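Please examine the assembly shown below. The report that follows treats the protein interface and then the surface near the DNA.

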Number of protein chains: 2
Amino acid sequence: MALRVRKSKVSEPPPVCPLTACMKLLGGAWTPNVVWYLRGEPRRFGELRGDIGRISAKVLSARLRQLQASGVVVRNAVAGSPPSFEYELSELGRELVPAIAAIVAVGEKLKRRAVTRPAKAR
Amino acid sequence: MALRVRKSKVSEPPPVCPLTACMKLLGGAWTPNVVWYLRGEPRRFGELRGDIGRISAKVLSARLRQLQASGVVVRNAVAGSPPSFEYELSELGRELVPAIAAIVAVGEKLKRRAVTRPAKAR
DNA sequence: CTGTATCCAAACCGATACTG
DNA sequence: CAGTATCGGTTTGGATACAG
């Protein structure tokens with residue numbers, strides 16, 4: 001009667017949710033962007049930088065390395081007069097795309113809302 | 001001939017992708033977890049802490065406040081002998097759930113892979 | 001052009017201690 | 001129980017300069 005009985009299961013939440021596992025791959029704030037802009041054809045460093053916008057070279061470099069280390073991104077050397085490299089998603093990386101796409105979808109809806117609704121009554 | 005012609009469009013990437021907008025809501029490493037465990041019925045502070053696992057009280061408090069500020073989470077007072085509060089997702093917050101669900105789905109697949117495949121040939 | 005190195009600010013997290 | 005304050009450590013990110 002006095003006891004506050006409250007079911008502990010929302011719908012059977014996993015002990016350590018896989019969320020964390022996946023989020024480790026998408027670490028920083030820029031990581032999803034890198035993967036996102038790599039979802040199409042292979043891109044070079046400078047192109048990627050231009051695509052993403054205002055990411056600093058250092059951060060892009062760091063994220064790229066991190067993503068290589070976790071097996072999400074592959075770096076391929078392109079033989080030519082100006083030796084350059086191309087980055088592309090690995091098979092693992094491609095599996096992340098749908099998740100990011102879902103985030104993008106929400107982001108678009110959010111932006112639309114922001115325009116429709118003035119300011120959310122602060 | 002010598003010119004390296006390279007199309008700049010992957011599939012028409014938006015100027016400033018909505019990804020960033022959405023990621024701002026999902027800031028820290030714990031934020032998605034908080035939203036995730038709030039996807040069902042309203043939860044109290046301690047319950048949430050137990051659900052998530054090893055999150056410190058300070059961080060949970062900070063995330064909760066941040067999510068309230070961004071309109072993702074609502075805090076409701078529950079009248080009773082022990083005055084307590086319940087947190088639940090707002091309408092906006094519910095829109096984030098599918099995105100997080102997608103991440104969780106990938107995370108599950110990842111875990112399964114990790115078991116199936118030994119070590120990815122390091 | 002492709003990256004990396006250095007310096008520096010800000011955000012995030014954990015542990016502990018403390019108030020209502 | 002619910003939540004905040006403080007201290008310290010680690011990570012992330014930006015700007016700039018610089019090496020291949």
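Between chain B and chain A there are 2 salt bridges (a side-chain nitrogen of Lys or Arg within 4 Å of a carboxyl oxygen of Asp or Glu). A:Glu95 pairs with B:Lys109 in a salt bridge whose closest N and O atoms are 3.6 Å apart. Helix 5 of chain B gives the largest share of the side that touches chain A, 17 residues; helices and strands are DSSP runs (H or I, at least four residues; E, at least two), numbered from the N terminus. That side of chain B divides into 25 nonpolar, 7 polar and 17 charged residues, with Asp, Glu, Lys and Arg counted as charged, Ala, Val, Leu, Ile, Met, Phe, Trp, Tyr, Cys and Pro as nonpolar, and the others, Gly among them, as polar.

The model is predicted: local features need pLDDT of at least 70 and side-chain atom pairs pLDDT 80 or more, whereas totals for chains, interfaces and linings use all residues. Residues are numbered from 1 along each chain, chains are lettered from A and ligands numbered from 1 as written, and side-chain values use heavy atoms, without hydrogens and water.

DNA strand D is surrounded by 18 residues, each with a heavy atom within 4 Å of the strand. Sugar and phosphate make up 68% of the strand D atoms that come within 4 Å of the protein. Individual atom pairs are tabulated below.

| Protein atom | Atom of DNA strand D | Distance |
|---|---|---|
| A:Trp30, backbone N or O | phosphate oxygen | 3.2 Å |
| B:Gly46, polar backbone atom | phosphate oxygen | 3.0 Å |
| B:Lys58, polar side-chain atom | base nitrogen | 3.5 Å |

Conventions
A polar contact is a pair of N or O atoms within 3.5 Å; within protein, one must be able to donate a hydrogen and the other to accept it, and residues adjacent in sequence count only if both atoms are side-chain atoms.
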